[in-house]
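Biologist: I am new to this one. Please pick a single part and take me through it closely, then show me how its surroundings fit together.

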Amino acid sequence: MTEHDLFSPFRIKHFTFRNRIGVAPMTRMSSPAHSVPRQDVLDFLVRRAENGAAIVYTEALVTDYESAQGYPGQARLLTQRQIDAWKPVTEALRRAGAVSIMQMFHCGRMAWPEVNPAGRSIAPSPLSPESLNTLTGAPYPLPETMSRFDIRHVIQGFAETARGAVEAGFDGIEVHGAHGYLISQFLSAYSNQRTDAYGGSAENRYRFASEVIHAVRDVVPEDRLLTFRISNWGIADMEVSLFSGKDEYQGVIERLSREPIDAISELSMVISAIRDCSDSALQATVASGLLIS
Ligand SMILES: Cc1cc2nc3c(=O)[nH]c(=O)nc-3n(C[C@H](O)[C@H](O)[C@H](O)COP(=O)(O)O)c2cc1C
């Protein structure tokens, strides 16, 4: 990428991004009370926009009060207090000329039960990561297999958080399907050994991601962006390839490219790998507005 590319604008839908520079989604554990980030953290986001960033992501917000949280002090966007706290931030980001995106996730087997009101850890299958939780230094607890109720409940958490983001005035919503968190756990045979409609074949393992996307799209108006983040690696057991190879990863990207989303968010090292491949659907997805972190 040349300097010219870096500072050139581009468009997705009716949104013009004034350059290719942005604030990546970064978990900050900065919400001391009510799942609302500290004011200095909110001010930091606005300052980056005032200094020229074209796109500003929130940290990954957790999607429910039950089992989604993986780190202490994470934010949510479900209660009116939380929605009202973000409204001045999105307004300030818009005034400063940046596109604002709320990212959300459920940590699944990487949740930390002690910080979840329900004290649960749930996942597609009862398998915990092999590596230790870097924050606690302890093994991750064995998660409970998600029941149909859990699946519906978690999907509703994504949809309600998206609804909160729309009311708070965000330009876009990102579903965090990467880094070995819950959606990624469903996608990968490494963590998904279910034998029902959500496990087994690549199509079945994709089902949960698709249901989340559709439930979220239903509450996100067409004039907002909906993006999806994906990766082939996870924060825990980082050395493991979550997909069996290029074909499987390409298959997931192809499925995503048929979903009602506006862009796929990826890490640049994988983007290079994708660009090397000759598949046209995949390249169209890349060309249609990939957001580079
Ligand atoms: C402290 C920290 C927290 C992060 N939290 C998130 C997160 O909440 N969601 C996410 O998708 N990526 C997260 N990431 C990954 C970043 O978004 C980004 O993709 C990564 O740091 C690579 O970009 P870089 O080379 O510019 O650092 C985090 C990274 C860091 C360093």
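Modeller: What follows starts with the whole chain and then goes to one helix and its surroundings.

This is a predicted model, so local features need pLDDT of at least 70, side-chain atom pairs count only at pLDDT 80 or more, and totals for chains, interfaces and linings use all residues. Residues are numbered from 1 along each chain, as its sequence is written.

First, the whole. The protein chain has nine helices and eleven strands. Both are DSSP runs numbered from the N terminus: helices are H or I with at least four residues, strands are E with at least two. The chain has 293 residues, and 43% of them count as buried. Buried means 20 or more other C-beta atoms within 10 Å of the residue's own; exposed means 12 or fewer, and partly exposed lies in between, with C-beta atoms placed from the backbone. Of the contacts with a separation of 6 or more, 74% join residues 24 or more positions apart. A contact needs two C-beta atoms, placed from the backbone, within 7 Å.

Now the close look: helix 6. Helix 6 covers residues 202–219, 18 residues in total. The expected span is 1.5 Å times one less than the number of residues. For helix 6 that gives 26 Å, and its end C-alpha atoms are 27 Å apart, which agrees. Helix 6 also has a kink of about 35 degrees, centred on F208. The bend at a residue is the angle between axes fitted to the seven residues ending there and the seven starting there. F208 is itself among the buried residues of helix 6. The others are R205, A209, V212, I213, A215, V216 and R217. What covers them? The cover includes helix 4 (148–168), strand 8 (172–176), helix 5 (182–187) and strand 9 (225–229).

Follow helix 4 from there. Helix 3 (residues 80–95) packs with helix 4, with axes 8 Å apart and an angle of about 45 degrees. Axes are lines fitted to C-alpha atoms, for helices over the stretch in contact, and angles run from 0 to 180 degrees between N-to-C directions. Helix 3 and helix 4 are therefore oblique to each other. The classes are these: under 35 degrees is roughly parallel, over 145 roughly antiparallel, 65 to 115 roughly perpendicular, and the rest oblique. From helix 3, the contact uses Q82, I83, W86, K87 and T90; from helix 4, it uses G164, E167 and A168.

Helix 3 has another partner. Helix 2 (residues 39–50) and helix 3 have axes that come within 8 Å and cross at roughly 10 degrees. That makes helix 2 roughly parallel to helix 3. L42, L45, V46 and A49 of helix 2 meet V89, A92 and L93 of helix 3.

Just ahead in sequence, the loop between strand 3 (22–23) and helix 2 holds H34. H34 is not a glycine, yet its phi is positive, about 60 degrees. H34 is exposed, with 11 other C-beta atoms within 10 Å.

Last, strand 4 (residues 55–62), where I55 sits. I55 is buried, with 27 other C-beta atoms within 10 Å. Leaving out residues up to four places away in sequence, I55 touches F17, G22, A98, V99 and I101. R18 is 37 residues from I55 along the chain, and their C-alpha atoms are 8.6 Å apart.
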